[in-house]
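Reader: I have just opened my first protein model and I am not sure how to read it. Could you walk me through some features, one at a time?

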Amino acid sequence: MCVNYGYYLVDLFRFEVREKDIAKMKEVSQGQEHIEEAMKQGKGAILLTAHIGNWELGGLLASELGYPLNMVYYPDNSEKLDRSRTFRRLTKGVKEIRLDPDKLSPLDMMRALGKNELVAMKGDRLFRDSGVRVPFFDAPARFPKGPVLLAMMTGAPIIPSFILLDKRSKYRVIAEAPIYTKRTGDRDKDLADNLLPVVAVFEKYIRENYEQWYCFSRFWDEP
């Protein structure tokens with residue numbers, strides 16, 4: 001995991017210095033038809049990933065599809081690193097939505113989806129959110145409610161997406177089939193029920209690529 005995380009960091013710096021190298025990093029893409037299918041519905045789509053592989057590179061590669069892309073991100077402790085990431089995104093035409101408790105970030109996401117744009121975000125780490133408790137690898141864990149709640153409110157599908165390092169040190173770009181949420185009127189139950197298929201996809205890719213899941217803090221609930 002530490003070696004792969006090192007690749008993640010080096011590739012980010014490499015792209016910053018030599019933008020043309022980004023094409024050499026990509027091995028294959030699969031699932032673009034899922035994004036195109038979702039965009040035909042006119043409600044945008046939520047590209048949901050985890051802290052696995054190279055999620056930063058994923059946003060830049062997704063922008064090459066030709067659809068307007070909004071990257072949702074948490075402010076980094078390093079202001080210099082934040083500026084560097086912002087520069088990379090803006091030069092590729094990727095817009096930013098900063099998660100900030102003092103700003104109405106969810107409204108910006110809803111506006112973007114309302115304009116049939118893509119909203120890319122991570123869904124495996126809590127940020128000022130008590131989360132939704134669901135089974136994860138047969139043990140209870142909490143996932144942020146924001147992505148699923150956003151999908152429920154807007155009708156936009158969730159497309160689990162991943163950028164994974166292969167044995168040749170190149171990246172596979174993967175978009176899974178869209179997940180459409182359901183609403184019954186019981187908000188808490190709907191959040192958990194709609195989260196389950198998303199978590200199932202996360203389990204699949206983390207199980208197959210556990211050495212690329214960069215989880216450096218306690219994740220599961222205490223028994």
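Author: Here we go through the chain as a whole, then a loop, a helix with its pocket, a cavity and some salt bridges. This is a predicted model, in which local features need pLDDT of at least 70, side-chain atom pairs count only at pLDDT 80 or more, and totals for chains, interfaces and linings use all residues. Residues are numbered from 1 along each chain as its sequence is written, and side-chain values use heavy atoms, with hydrogens and water left out.

Reader: Thanks! How many helices and strands are there in the protein chain?

Author: Helices (H or I, at least four residues) and strands (E, at least two) are DSSP runs, numbered from the N terminus. The protein chain has eight helices and nine strands.

Reader: And what share of the 223 residues is buried?

Author: A residue is called buried under 20% relative accessible area, exposed over 50%, and partly exposed in between (1.4 Å probe, protein chains only). Here 49% of the 223 residues in the protein chain are buried. You can also look at contacts, meaning heavy atoms within 4.5 Å. Among contacts between residues at least 6 apart in sequence, 72% join residues at least 24 apart.

Reader: Let's zoom in. Where does aspartate 124 lie, and which side chains make polar contacts with it?

Author: Aspartate 124 lies in the loop between strand S5 (118-122) and strand S6 (132-136). A polar contact is a pair of N or O atoms within 3.5 Å; within protein, one must be able to donate a hydrogen and the other to accept it, and residues adjacent in sequence count only if both atoms are side-chain atoms. The side chain of aspartate 124 has such a contact with the side chain of histidine 51, at 2.7 Å, and another with that of tryptophan 213, at 3.0 Å. Leaving out residues up to four places away in sequence, aspartate 124 also touches others, including Phe143, Pro144 and Phe202.

Reader: Which side chain of opposite charge is nearest to aspartate 124?

Author: For charge, Lys and Arg count as positive and Asp and Glu as negative, while His and the chain ends are not counted. A salt bridge is a side-chain nitrogen of Lys or Arg within 4 Å of a carboxyl oxygen of Asp or Glu. Aspartate 124 is buried yet has no salt bridge, and the nearest side chain of opposite charge, arginine 125, is 5.3 Å away.

Reader: How do I read empty space, and what lines the largest pocket?

Author: Rolling a probe the size of a water molecule over the atoms shows where empty space is left. On a 1 Å grid over the protein atoms alone, a cavity is a set of points where a 1.4 Å probe fits but cannot get out, and a pocket is an open set with protein on both sides within 12 Å along at least five of seven lines; lining residues have an atom within 4 Å of a point. Grid points are joined across faces, edges and corners, and a volume is the space filled by probe spheres set on the points. The largest pocket holds about 540 Å³ of space. Its lining has 24 residues, of which Leu99, Pro106, Met109, Asp129 and Gly146 lie nearest the centre. Helix H7 gives the most to this lining, with five residues.

Reader: Is H7 mostly covered or mostly open?

Author: H7 is mostly covered, with seven of its nine residues buried. What covers those buried residues includes strand S2 (45-49) and helix H8 (187-208). After H7 comes glycine 155, whose phi is positive, near 80 degrees.

Reader: What about the largest cavity: which residues line it?

Author: The largest cavity has a volume of about 30 Å³, and its lining includes Asn4, Tyr8 and Gln212.

Reader: Last topic: how many salt bridges does the structure hold?

Author: The structure holds seven salt bridges. In one of them, the side chains of arginine 133 and aspartate 221 meet at 2.7 Å, N to O. Arginine 133 lies in strand S6 and aspartate 221 in the segment after H8, so this pair ties together parts that are 88 residues apart in sequence. Aspartate 221 also meets arginine 142 in a salt bridge (3.4 Å, N to O).

Reader: And where do lysine 189 and aspartate 193 lie?

Author: Both lie in helix H8, four residues apart, about one turn of the helix. Their salt bridge has its closest N and O atoms 2.6 Å apart.
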